[in-house]
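Trainee: I should like to learn how to read the features of a protein model in order. May we work through one together?

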Amino acid sequence: MIRILTDTASDFDLEEAASLGITVIPMEITIGDQSYRDRYDITPDRFYELLIESSELPHTSQINSYTFEQEFEKIHEAGDSAVVILLSSKLSGTYQNAVIAAQDYDEIRVVDSRNGSIGEQILVRYALMLRDKGRSLDDMVHRLEVRRNQVRILALLDTLEYVKKGGRMGAAAAAFGTLLSIKPVLTLENGKLKVLGKARGSRMGNNLLNTEIGKTGIESRLPAAVAYSGLDHRKLDHYIEDSRPIWEGVIKDLPMSQLGSTIGTHAGPGTIVVAYFMKQ
């Protein structure tokens, strides 16, 4: 049997992942002097409560090689093989640690998603499709490495506070942006964050998201997903309703996720994320 593994940066709900037969390995998050396994020891809701209360950003840690070795040994002993799809190597050392751990296991293949959050998640969902079609291990890896270049993730930030705390924007620029209600739209290109544009207010931000989606189109045969950060998904609900013509009749299933601590630490609450495969 071919198993599929990923990390909690993919923002899978653990119950859904278990029902799909996906093993989700936790990243670690440290808040103050307390460390947690993302989603296992701390729920996303509790994480956002602590994030809002804290004056400093939490610290996220990569998954070490020993943790991967333990998982890979279980697979080896069961006589199975596995595809391991992980957070972009440009954002974390997790991928490289998995590659090191997999050196002694011929039946393990590690794939750099070159993405994160639901961008990584839809690549995992694509791997499920391939497994269900009976593809071989090497064929799955080849197709994943080709298709990952089609994945596009777009994030509309509601606040610049956490970008400022993370040192990615100066305090004066963040304050000015907040005053003007600036909502930046970010993406990942070649595994690295890139600002695509900035809008004034949530409605203009939603329009900018839709404009960017329109530039590439959506590959309707492949998975797509949406996500939100914070304690409720009302902003995402409003976005989906406002952009119904983009998704309706194009994507049969549009799963909704809540960003966990790995990505939510830097996005802050109120973020809207969409991920899809671009048309070729």
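The dialogue below moves from the whole chain to single residues.

Mentor: Let us begin with the status of the coordinates: this is a predicted model.

Trainee: How many helices and strands does the chain have?

Mentor: The chain contains 12 helices and 13 strands.

Trainee: What does the radius of gyration say about the chain?

Mentor: The value is read against the one expected for a compact globule with this number of residues. For 280 residues that expectation is near 19 Å, and the chain has 18 Å, which agrees. Along the principal axes, the C-alpha atoms occupy a box of roughly 60 × 50 × 30 Å.

Trainee: What share of the residues is buried?

Mentor: A residue counts as buried when its relative accessible area is under 20%. By that criterion, buried residues account for 52% of the 280 in the chain. The exposed surface comes to about 13,100 Å², of which carbon and sulfur atoms supply 48%.

Trainee: How should I read the separation in sequence of residues in contact?

Mentor: Take the contacts between residues at least 6 apart in sequence; in this chain, 76% of them join residues at least 24 apart.

Trainee: And how many charged side chains are there?

Mentor: There are 32 positive and 38 negative side chains, and 9 Å lies between the centres of the two sets.

Trainee: Let us turn to a strand. Are the faces of β11 covered or exposed?

Mentor: One examines the residues on each side of the strand. In β11 (residues 225–228), Ala-225 and Ala-227 lie on one side, Val-226 and Tyr-228 on the other, and all are buried, so both faces are covered.

Trainee: Which strands pair with β11, and in what sense?

Mentor: With β13 (residues 272–277), β11 pairs in the antiparallel sense over four bridges; there, Val-226 has Val-274 as its bridge partner. With β12 (residues 256–258), β11 runs parallel and is joined by three bridges; Ala-227 stands opposite Ser-257 in that strand.

Trainee: How does one read the surroundings of a single residue?

Mentor: One combines its element, its accessibility and its contacts. Leu-86 belongs to strand β6 (residues 81–86) and is buried because its relative accessibility is 0%. Beyond four places in sequence, Leu-86 touches several residues, including Phe-68, Tyr-95, Val-110 and Val-111. The C-alpha atoms of Leu-86 and Ala-9 are 8.0 Å apart, although 77 residues separate the two along the chain.

Trainee: Is Glu-212, a charged residue, buried or exposed?

Mentor: Glu-212 lies in helix α9 (residues 202–216) and is buried, its relative accessible area being 4%. Apart from neighbours within four places in sequence, Glu-212 contacts Arg-152, Leu-154, Leu-196 and Tyr-276.

Trainee: How accessible is His-142?

Mentor: His-142, in helix α6 (residues 137–147), has a relative accessible area of 49% and is therefore partly exposed. His-142 and Gly-32 are 110 residues apart in sequence, with 42 Å between their C-alpha atoms.

Trainee: Finally, where does phi take a positive value in a residue other than glycine?

Mentor: Two cases deserve inspection. Asp-11 has a phi near 60°; this residue is in the loop between β1 (2–7) and α1 (14–20) and is buried at 1% relative accessible area. Arg-39 has a phi of about 70° and lies in the loop between β4 (34–37) and α2 (44–53). Arg-39 counts as buried because its relative accessibility is 13%, under the 20% cut-off.

Notes:
Residues numbered from 1 in each chain as written. Predicted model: local features only at pLDDT ≥ 70, side-chain atom pairs only at ≥ 80, totals over all residues. Heavy atoms only, no water. Helix = DSSP H or I, 4+ residues; strand = E, 2+ residues; numbered from the N terminus. Rg over C-alpha atoms; globule rule 2.2 N^0.38 Å. Buried < 20%, exposed > 50% of the residue type's maximum accessible area, 1.4 Å probe, protein only. Contact = heavy atoms within 4.5 Å. Areas by Shrake-Rupley, 256 points an atom, 1.4 Å probe, with all protein chains shown as cover. Lys, Arg positive; Asp, Glu negative; His and termini not counted. Charge placed at Lys NZ, Arg CZ, Asp CG, Glu CD. Pairing = 2+ DSSP bridges.
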